Amino acid sequence: MKDETPARAKSPEPQPEPLLDTSRDSDEPAFSWLTPGSGSNAASDSNGTSGSSPAPASAAPVPSTADGSAAPAATAGTKGTGSAGDEQAKPRVPEGAGRPETRADRKAAEAAADPDGGGSSPVFREPLATSALQVRPPEEEVERRNAQRESAANAKPVAPRVIQVLLAIFFPVILLILAVRAVTSPLFLWVEYNRPGFPGDGYGFSTDDRMTYGSYAVDYLSNWSGPRYLGDLVHRGGEKLFKDGEVSHMADVKLVILSTFGAGVLLLLLGLIAVLYLRKRSTGGVRRGLFAGSLVTLVLILGLGTLAFLGWQQFFTEFHRIFFADGTWTFSMDDTLIRLFPGQFWIDAGMVIAALVLLTSLLTLILTWPTRRRRGLVKDEPAPAAGQE
């Protein structure tokens, strides 16, 4: 009697993990845990079982027939058909020959297997174009480069400093020339002749005569006329107003005055160029240059004023000896130049020049004083938020 009990279906044996051929993989160790080790396969490592024996690499799943009986498996010596035959035809990695675990070991193995450099992964064996960037120089070289970089970052350009020094030098000279120009004007002449206490002329010049003849002399210093401008002037009686020696001295004075004014115009233009340059290239450079110039001006004007106060006559004489030859600037008391410009006139002119330069330099010193705010050390405080006192 045929047993009607259906045959118990055999549970399929666990399929082994296919062997992974990692010979053409990259050197990155991200999936090194997939590489089978010696004496164990991938399935046993993933399941954590150590007692079971590994299945052979050529084992294939056993098919079952309709009645549940197992079909005969192909032996290792016979050729399989289809995919089974292809799987058996592939070369097998012998057991126990695992892949190197570290990157250095794998690279050494690849180099030993392909010493000529014609292997399957030449990308990682060839030096990259930027490989030199990964080499760190010695610590001494690093410190030297850092020191040079910091020195270059902290160093200030030389040109702005030179311009500041030039501006500081130009400033007192420009102030002095402008003060001299203010004195050599008909306005100062009128103030002097009409101020109380100014000495009168003992030879007959009235205030109007002095103003008329003195204006000719002052105008001659700043115009382009020749010596005849003064040499052709005559008294009411028909005599020459200025002698030849006086006309010659006024010509010398005119040369000095025009040269001084020309130098002043040139220095003024250079000073304006320096100011424009420093405004663009050096923050606070104009202020520092003018501050230094005002200090230099104060020192000079106080020194010259002290010398003039201690000995005016000596100071006046030495001043004339610098610009004029001896014997060309001394005249008698009845000469027209002495009657128009007595000694008190030159004392007043020197005091006005010193006062103008001193006041201007003091004002500049106050306006350019290096306070914390002007130096940029005080930051603007943030405005309080709404609702806060």
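Contact is taken here as heavy atoms within 4.5 Å. In this predicted model, Thr 297 touches Phe 171, Pro 172, Leu 175, Val 357 and Ser 361, with residues up to four places away in sequence not counted. Thr 297 is placed in helix α10. Its relative accessibility is 2%, and Thr 297 therefore counts as buried, the limit being under 20%.

Three of the residues touched by Thr 297, namely Phe 171, Pro 172 and Leu 175, are also found among the buried residues of helix α5. That helix covers residues 158–183. For its 26 residues, a rise of 1.5 Å a residue gives an expected span of 38 Å, and the C-alpha atoms at its ends are 39 Å apart, in agreement with this value. The buried set of α5 comprises Pro 160, Gln 164, Leu 167, Ala 168, Phe 170, Phe 171, Pro 172, Ile 174, Leu 175, Ile 177, Ala 179 and Val 183. These buried residues pack against α6, α9, α10 (residues 285–310) and α13.

A nonpolar surface patch is formed by Val 158, Val 162, Val 165, Leu 166 and Ile 169, whose accessible area together is about 420 Å². Val 162, a member of this patch, lies in α5. With a relative accessible area of 42%, Val 162 is partly exposed, because this value falls between the 20% limit for buried and the 50% limit for exposed residues.

In soluble globular proteins, nonpolar side chains tend to be buried together. The largest nonpolar core of the model has 35 residues, of which Tyr 193, Leu 230, Phe 242, Met 250, Leu 340 and Phe 341 touch the most other members. Two or more residues each are given to this core by α5, α6 (186–194), α7 (207–222), α9 (244–281), α12 (336–340) and α13 (343–367). The greatest contribution, six residues, is that of α7. When neighbours within four places in sequence are left aside, Phe 341 is in contact with Leu 189, Tyr 193, Gly 214, Ala 217 and Trp 346.

The structure contains eight salt bridges. One of the pairs is Asp 335 and Lys 243, whose side chains meet with an N to O distance of 3.0 Å. This pair joins distant parts of the chain, 92 residues apart: Asp 335 is in the loop between α11 (312–323) and α12, and Lys 243 is in the loop between α8 (228–231) and α9. Asp 335 has a relative accessible area of 6% and is buried.

A salt bridge also connects the side chains of Arg 195 and Glu 192, at 3.6 Å from N to O. Glu 192 counts as buried, at 4% relative accessibility, whereas Arg 195 is partly exposed, with a relative accessible area of 26%.

In the salt bridge between Arg 321 and Glu 318, the closest N and O atoms are 3.4 Å apart. Both residues lie in helix α11, where they are separated by three residues, or about one turn of the helix. Since an α-helix has 3.6 residues a turn, residues three or four places apart point the same way. Arg 321 and Glu 318 are each partly exposed, Arg 321 with a relative accessible area of 47% and Glu 318 with one of 34%. Elsewhere, Glu 141, Arg 144 and Arg 145 are linked in a network of salt bridges.

Technical notes:
Residues numbered from 1 in each chain as written. Predicted model: local features only at pLDDT ≥ 70, side-chain atom pairs only at ≥ 80, totals over all residues. Heavy atoms only, no water. Patch = residues over 30% accessible without salt bridge, like charges linked within 9 Å, V, L, I, M, F, W, Y side chains within 5 Å. Areas by Shrake-Rupley, 256 points an atom, 1.4 Å probe, with all protein chains shown as cover. Salt bridge = Lys/Arg side-chain N within 4 Å of Asp/Glu carboxyl O. Helix = DSSP H or I, 4+ residues; strand = E, 2+ residues; numbered from the N terminus. Buried < 20%, exposed > 50% of the residue type's maximum accessible area, 1.4 Å probe, protein only. Core = buried A, V, L, I, M, F, W, Y, C linked by side-chain atoms within 4.5 Å. Expected span 1.5 Å × (residues − 1).
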